[in-house]
Amino acid sequence: MSPDDPLLAILACPLDKGPLVLLPDGTSLYNPRLRRRYPVVEGVPRLLPSSGEPVSDAEHARYGTATEPR
């Protein structure tokens, strides 16, 4: 998945239905509101609620401005 993928504009978090942000490494979609990360496996986002994993405070801070929705 790439940052210019049109799919990003319509993807939403399965828990709060808000927008997701593609992390710079391209392997995860991130919800900064709930601090949950969803994997992107072989270009396919895994957006089941059970697929999300919590992110630590340190990771959340490290993502910084990369978590601003576009």
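This is a short tour of a predicted model, moving from the whole chain to single residues.

**Whole chain**

Start with the full protein chain in cartoon view. One helix and five strands are there to find. Follow them from the N terminus: the order is β-β-β-β-β-α. The radius of gyration is 11 Å, close to the 11 Å that the globule rule gives for 70 residues, so the chain is as compact as a globular protein of that length. Along the principal axes, the C-alpha trace spans about 30 × 25 × 20 Å.

Now switch on the surface. The accessible area of the chain comes to about 4300 Å². Carbon and sulfur atoms hold 56% of that area. Of the 70 residues, 37% are buried.

Colour by charge next. The chain carries 8 positive and 9 negative charges. Their mean positions lie 5 Å apart.

One last global view is the contact map. Take the contacts between residues at least 6 apart in sequence: 29% of these join residues at least 24 apart.

**Stop 1: Leu11**

Select Leu11. You are in the segment before strand E1, which covers residues 21–22. Is Leu11 buried or exposed? Its relative accessibility is 16%, and a residue under 20% counts as buried, so Leu11 is buried.

Show what surrounds Leu11. Leaving out residues up to four places away in sequence, Leu11 touches Met1, Gly18, Pro19, Leu20, Leu29, Pro45 and Leu47. For a long view, draw a line from Leu11 to Arg62. These two residues are 51 apart along the chain, and their C-alpha atoms are separated by 23 Å.

**Stop 2: Ser28**

Move on to strand E2, residues 28–31. Select Ser28, which is found in this strand. Ser28 counts as buried, at 9% relative accessibility.

Which residues does Ser28 contact, beyond its neighbours within four places in sequence? One group to pick out is Val21, Leu22 and Leu23. Add Arg37, Tyr38, Pro39 and Val40 to complete the set. Then check the distance to Val44, 16 residues away along the chain. C-alpha to C-alpha, Ser28 and Val44 are separated by 10.0 Å.

**Stop 3: Asn31**

Stay in E2 and select Asn31. The relative accessible area of Asn31 is 0%, so this residue is buried. Turn on the side chains here.

What does the side chain of Asn31 reach? The backbone nitrogen of Arg33 is at 2.8 Å. Look also at Asp16: a polar contact of 3.2 Å joins the side chains of Asn31 and Asp16.

Now widen the selection to everything Asn31 touches, again without residues up to four places away in sequence. Cys13, Asp16, Leu20 and Arg36 light up.

**Stop 4: Arg35**

Step along to Arg35. This residue is found in the loop between E2 and strand E3, residues 36–41. Check its backbone torsions. Phi of Arg35 is near 55°, a positive value in a residue other than glycine. At 31% relative accessibility, Arg35 counts as partly exposed.

**Stop 5: Glu42 and Gly43**

Follow E3 onward to the next loop. Where is Glu42? Glu42 is found between E3 and strand E4, residues 44–45. Phi of Glu42 is near 50°, a positive value in a residue other than glycine.

Is Glu42 buried or exposed? Its relative accessible area is 79%, so Glu42 is exposed.

Select Gly43 to finish. Gly43 has its place in the loop between E3 and E4. This glycine is partly exposed, with a relative accessible area of 41%. Now add Ser2 to the selection. Gly43 and Ser2 are 41 residues apart in sequence. In space, their C-alpha atoms are 8.6 Å apart.

Note on methods:
Residues are numbered from 1 along each chain as its sequence is written. This is a predicted model: local features need pLDDT of at least 70, side-chain atom pairs count only at pLDDT 80 or more; totals for chains, interfaces and linings use all residues. Side-chain values use heavy atoms; hydrogens and water are left out. Helices (H or I, at least four residues) and strands (E, at least two) are DSSP runs, numbered from the N terminus. The radius of gyration is taken over C-alpha atoms; the globule rule is 2.2 Å times the number of residues to the power 0.38. Buried means under 20% relative accessible area, exposed over 50%, partly exposed in between (1.4 Å probe, protein chains only). Contact means heavy atoms within 4.5 Å. Accessible areas come from the Shrake-Rupley method with a 1.4 Å probe; for residues, only the protein chains shown count as cover. Lys and Arg count as positive and Asp and Glu as negative; His and the chain ends are not counted. The place of a charge is taken as NZ of Lys, CZ of Arg, CG of Asp or CD of Glu. A polar contact is a pair of N or O atoms within 3.5 Å; within protein, one must be able to donate a hydrogen and the other to accept it, and residues adjacent in sequence count only if both atoms are side-chain atoms.
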